[in-house]
Amino acid sequence: MAIDRRSFIVASASGGGILALGGGLAMSRGSDTAAYGTVPRNEASPKLPIGMNLAEVVDWEPGFPFRNLFLGARPWVTRNESLQGPHDTKTQSAFQYDADGYPLQVPVAAPGYTEPQILFTYVPNKRPPGIYVLLYDGEGDIGGLLGAGRIISQKPGRVKLWMEHEGKHHIIVIRRSKLGNHVRNIRLVAEADERVDLLATPFLPEFLDFCRPFHCLRFMDWGATNNSIEEEWVSRKRRTFYTQVGGRGDPDARYGPAPNAFQRMYSGGVAIETMIQLCNELKIDPWFCIPHRATDDYIAQFAKLVKERLDPSLKVYVEYSNEIWNWGFYQAGWMLQSPLAGAMVEAKGGSPWKDAAKTDGKDHPERIGALFRRAFAIWEREWSGADRKRLVRVCAVQAGWVDAAKRTVKWCVDNGGADAVSPAAYFGPDKETYDSWAAAGANLTADQVIADVRKGRDLAREGNGAAEIVGYAKSLGLRYVAYEGGQHIQPKGQAELPYNPALAAAQYHPAMYDTYVELLRLHSDMGCELFCHFSSVGQQGTRYGSWGAKARYTEPDVNSPKMRALVACNEV
């Protein structure tokens with residue numbers, strides 16, 4: 001999206017600092033007091049449970065987790081059979097698909113085109129170069145490999161390939177698929193993994209090794225939570241669907257065309273069963289985000305599935321959507337106009353509409369609280385008795401707007417409860433710092449970037465909204481967990497600016513380790529019981545940010561000061 005990943009970060013309430021403790025719409029603190037705003041420093045080495053947000057499954061990032069590369073394929077693209085003409089003829093609706101997204105027949109005729117149409121897709125391109133094997137069931141021809149690769153050998157059901165990878169495009173083409181025995185169950189694996197049971201052992205070893213130290217894995221991005229189009233349980237993403245890349249959109253067409261039937265086929269991200277399998281294998285607690293459009297039945301079936309399959313020794317953290325107050329995401333607009341949320345607030349005596357016709361919503365903190373409680377209540381019914389102790393109901397709130405956060409917390413507590421409050425825990429530049437960096441331009445150094453973010457980090461102890469929110473929630477009996485946190489160092493407006501190299505260098509600066517340790521010390525001193533870093537891996541130094549704890553799962557921890565700090569402060 002063309003917005004900051006953690007949009008609208010707000011400056012420290014103490015003024016003049018550059019600390020940001022949470023994403024969301026930047027608003028003033030109004031008349032809130034600072035009763036809980038000061039955080040005394042504990043000199044002891046900080047130790048607290050560290051969790052991790054897993055990076056989104058996409059083909060162009062280095063953090064791909066699966067042995068089967070085809071699980072990272074993009075939605076099908078169509079083209080003329082001759083491979084001449086437009087790169088994408090946009091005739092996907094001319095094809096029929098099975099329940100796992102495979103076309104039932106290729107080629108097909110399409111209105112407006114004299115040539116028959118075929119399909120292709122891009123697959124992950126950040127794996128090591130080498131020999132890969134493409135396997136499939138059914139009758140057809142996947143002999144057309146376009147991009148940086150070549151076919152070594154081919155026979156029905158098996159194509160041996162050389163793949164260059166390292167950022168070079170790899171395109172798999174279905175030229176022919178026989179109706180009645182169509183091409184399906186495509187797997188694309190390293191030659192050494194050809195005989196591996198991909199359902200039993202789907203994860204790459206380096207991915208598992210990366211995850212092992214953490215206490216919790218948050219699946220917000222794996223589940224394609226932001227701008228989700230998930231609604232009905234029966235149409236959710238299954239493990240057997242050809243790709244686990246998430247589909248998103250705006251079914252209400254508030255900001256553009258609603259997704260069509262083809263686009264809806266990709267609804268959701270990684271299958272929930274796969275998320276549970278990962279946590280069971282590693283004995284790590286999961287953190288699930290419920291899609292904002294999910295029906296009551298979807299939420300109930302979600303809760304049942306987790307209860308049936310999750311290792312009974314594990315807890316489960318449950319959150320409704322993600323940053324539902326963040327107007328950069330479609331779920332915020334949906335929430336504000338939702339008749340469902342409005343009716344729940346009205347039922348408790350609230351007034352969630354600006355007009356008698358109920359077309360323009362207001363009082364979004366109470367609306368958010370109501371939506372959280374709806375999801376929690378359904379999970380509570382499914383997780384009753386002894387299992388209830390394993391359920392952690394997380395009320396995620398906007399750290400940058402204290403009054404709104406308190407109102408959401410109060411609504412939850414007054415109408416059935418929650419177990420934990422969860423503001424985000426970021427640090428990064430404010431307007432004054434951006435102005436300073438712009439003035440320095442290409443002369444900005446990583447040393448100065450680190451010095452600037454340290455100033456803001458230190459100001460957080462003098463008074464910050466997140467500490468006030470946490471103190472208020474604790475007075476109501478809630479615990480504190482951070483759904484996301486870490487550095488938020490990126491160029492202003494995500495633009496290509498002269499000072500960007502310094503921001504990239506700061507990610508590997510030795511002092512970034514100490515900066516992270518002090519961030520974790522601050523939240524440990526605030527009583528944080530789980531700090532979920534955002535995010536696991538990702539390219540470093542891009543104009544969109546450097547969210548990963550390191551650049552790729554195979555990068556040694558010694559090369560990544562962020563990852564070393566997370567591991568060093570992680571409570572064993």
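I will talk about the aromatic rings in this predicted model, and then about two charged groups that sit over rings.

Let me begin with the overall picture, where a search of the whole structure turns up 37 aromatic pairs. One of them is formed by Phe241 and Tyr266, whose ring centres are 5.7 Å apart and whose planes meet at 85 degrees, an edge-to-face arrangement. This pair joins distant parts of the chain, the two residues being 25 residues apart: Phe241 lies in the loop between strand S12 (216–218) and helix H2 (261–264), while Tyr266 lies in the loop between H2 and helix H3 (272–282). As for exposure, Phe241 has a relative accessibility of 4% and therefore counts as buried, and Tyr266, with a relative accessible area of 3%, is buried as well.

The next pair is Trp379 and Trp383, with ring centres 6.0 Å apart and planes at 25 degrees, and because planes under 30 degrees apart count as stacked, this pair is classed as stacked. Are these two tryptophans buried or exposed? Trp379 has a relative accessible area of 0%, so it is buried, and Trp383, at 0% relative accessibility, likewise counts as buried.

Let me turn now from ring pairs to charges over rings, for which I have two examples to point out on the structure. In one, the charged end of Arg74 sits over the ring of Tyr122, at 4.3 Å from the ring centre. In the other, the ring belongs to Trp353, and the charged end of Arg367 sits over that ring, 4.5 Å from its centre.

Terms used
Residues are numbered from 1 along each chain as its sequence is written. This is a predicted model: local features need pLDDT of at least 70, side-chain atom pairs count only at pLDDT 80 or more; totals for chains, interfaces and linings use all residues. Side-chain values use heavy atoms; hydrogens and water are left out. Rings of Phe, Tyr and Trp (its six-membered ring) pair if their centres lie within 6.5 Å; planes under 30 degrees apart count as stacked, over 60 as edge-to-face and the rest as tilted. Helices (H or I, at least four residues) and strands (E, at least two) are DSSP runs, numbered from the N terminus. Buried means under 20% relative accessible area, exposed over 50%, partly exposed in between (1.4 Å probe, protein chains only). A charge sits over a ring if NZ of Lys or CZ of Arg is within 6 Å of the ring centre and within 35 degrees of the ring normal.
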